[in-house]
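This report describes two topics in turn: an aromatic cluster and the interface between two chains. Please consult the sequence and the structure shown here while reading.

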Amino acid sequence: MRYAPLGRLGQERLAASKVLVCGCGALGSVLANTLARAGVGHLRIVDRDFLELNNLQRQVLYDEHDVASGLPKAVAARNKLQAINSEIEVEAVVADVDHTNLAELLDGVDMMLDGTDNFETRYLLNDASIRFNIPWVYGGCIGAEGQTMTIVPGETPCLRCLMPESPPPGTTPTCDTAGILGPIINVIASIEACEALKILSGHRDAINRTLMVFELWDSRLRQVKLDSLQGVDCATCQQRQFPWLDGQRGSHTAILCGRNAVQLSFPGRQELSLENLAEKLQSVGNVTRNPFLLRLAVDEFLITVFPDGRAIIGGTEDIMEAKTVYAKYIGN
Amino acid sequence: MKVEVKLFAVAKQLAGADTAVVELADASTVADLRAALARTYPPLAPTLASVVFAVNAAYADEQTRLHPHDEIACIPPVSGG
């Protein structure tokens, strides 16, 4: 509040704001932590994953107790954030963000922040940003490098102005193949969070209008001016086509960044009973369960199933193999 | 003319160098550079379709003309998080 450009009015605006933090892994941890401490009044944290020990190297909201508890990240994050600031409202949503649920997740939301680890979800967020006129901030990291760009519909270029086609699968390295250095996460997420503070407090004039590219190992920052993208015939923000949001683009499987795991999801499917499933799988392998997920260890696989039928198959990065394992033990 | 291209992120790994040096005809464009890089560094080819080029610290579209002393950066999208 004492920071003059923010002031009392800015702080009050933050308290009245609602933000969707999309993904609560490495970037999302820093985003949610920073916004909770800044007094952003309502955080909706959505994440599809659960915690693993190797997450702790960079996912600063969590500790070994959280890993041992077997909680989904969104729930562990909410618990931690409420302990940090009990005066704000924090909602945890355990879900894979896709075209069937994003509009609902955006109900009442003033802006979205990118804590995701894949371009499919980012293009989906970009579609929603333009269609519903909600600003968002892109952030991505790999190794010791990171990028961020702020998108305000009608004012700045959008993600698709900059990158008309999403990178083909397999051409962008994951945290698994290239590794990631903790500090780059903090740099990128802190910039994303600061952009959010500017926008939410009513200071859009102060936003970053470049693509910022950091190379931390070489101590270099580059800012790429995007002025020449203003007014290009972009399929999203000029032609208003939203193929990711309309469900024409995007698959329902994903290889999870840094996890040796594949996620399979089934939007629109009926809820399944984890209790019944636990009974069915008792003889197959080692089954554990909490209200949010069920886990089956069998052969070299660790299968985690959520009530919406979504599953994360650990122990493989082969989508076909993951589907086979799902069909064999969980059923279709 | 010879141009130097500073490579970022995965482009650096795929080309095995921080900087790519490419021979181009005078008055070549970013589109020509994209094609020349794919020829000179075949492992880069699949990634090149989605990289952003910056010339003298500004976004450069396919028609942007290149000059021998331009500062050119090849910036692939970065996905982790």
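## Aromatic cluster and chain interface

Y138(A) has a relative accessible area of 0% and is therefore buried. This value, like the others in this report, was computed from a predicted model. F119(A) also counts as buried, because its relative accessibility is 6%, below the 20% limit applied to buried residues. Y123(A) is likewise buried, as is F119(A).

These three residues belong with W244(A) to one aromatic cluster. Over all chains, a search of the whole structure finds three aromatic pairs. Two of the pairs are set out in the table, and F119(A) takes part in each of those listed.

| Ring pair | Distance between centres | Angle between planes | Class |
|---|---|---|---|
| F119(A) and Y123(A) | 6.2 Å | 50° | tilted |
| F119(A) and Y138(A) | 5.9 Å | 45° | tilted |

The pair of F119(A) and Y138(A) links distant parts of the chain, with the two positions 19 residues apart in numbering: F119(A) lies in helix α6 of chain A, and Y138(A) lies in strand β5 (residues 136-142) of chain A. F119(A) and Y123(A), by contrast, both lie in helix α6 (residues 119-132) of chain A, where they are four residues apart, about one turn of the helix.

The second topic is the interface. Here, 22 residues of chain B are in contact with 40 residues of chain A. The size of an interface is often given as the accessible area lost when the parts come together. Between chain B and chain A the buried area is about 2,300 Å², and carbon and sulfur atoms give 58% of it. On the side of chain B, the residues that lose the most area to chain A are Y59(B), V78(B) and G81(B), which together account for 28% of what that side buries.

Polar and charged groups also meet across this interface. The rule finds five salt bridges between chain B and chain A. In one salt bridge, the side chains of K6(B) and E215(A) meet at 3.2 Å, N to O. In addition, 14 residue pairs are in polar contact across the interface of the two chains.

Several elements of chain B each supply at least two residues to the side that touches chain A: α1 (9-15), α3 (45-48), β3 (52-55), β4 (58-59) and β5 (72-75). Of these, α1(B) gives the most, with three residues. By residue type, the side of chain B that touches chain A divides into 14 nonpolar, five polar and three charged residues.

Note on methods
Residues are numbered from 1 along each chain as its sequence is written. Chains are lettered from A and ligands numbered from 1 in the order in which they are written. This is a predicted model: local features need pLDDT of at least 70, side-chain atom pairs count only at pLDDT 80 or more; totals for chains, interfaces and linings use all residues. Side-chain values use heavy atoms; hydrogens and water are left out. Contact means heavy atoms within 4.5 Å. Buried area is the accessible area (1.4 Å probe) that two parts lose on being put together, summed over both. A salt bridge is a side-chain nitrogen of Lys or Arg within 4 Å of a carboxyl oxygen of Asp or Glu. A polar contact is a pair of N or O atoms within 3.5 Å; within protein, one must be able to donate a hydrogen and the other to accept it, and residues adjacent in sequence count only if both atoms are side-chain atoms. Ala, Val, Leu, Ile, Met, Phe, Trp, Tyr, Cys and Pro count as nonpolar, Asp, Glu, Lys and Arg as charged, and the others, Gly among them, as polar. Rings of Phe, Tyr and Trp (its six-membered ring) pair if their centres lie within 6.5 Å; planes under 30 degrees apart count as stacked, over 60 as edge-to-face and the rest as tilted. Buried means under 20% relative accessible area, exposed over 50%, partly exposed in between (1.4 Å probe, protein chains only).
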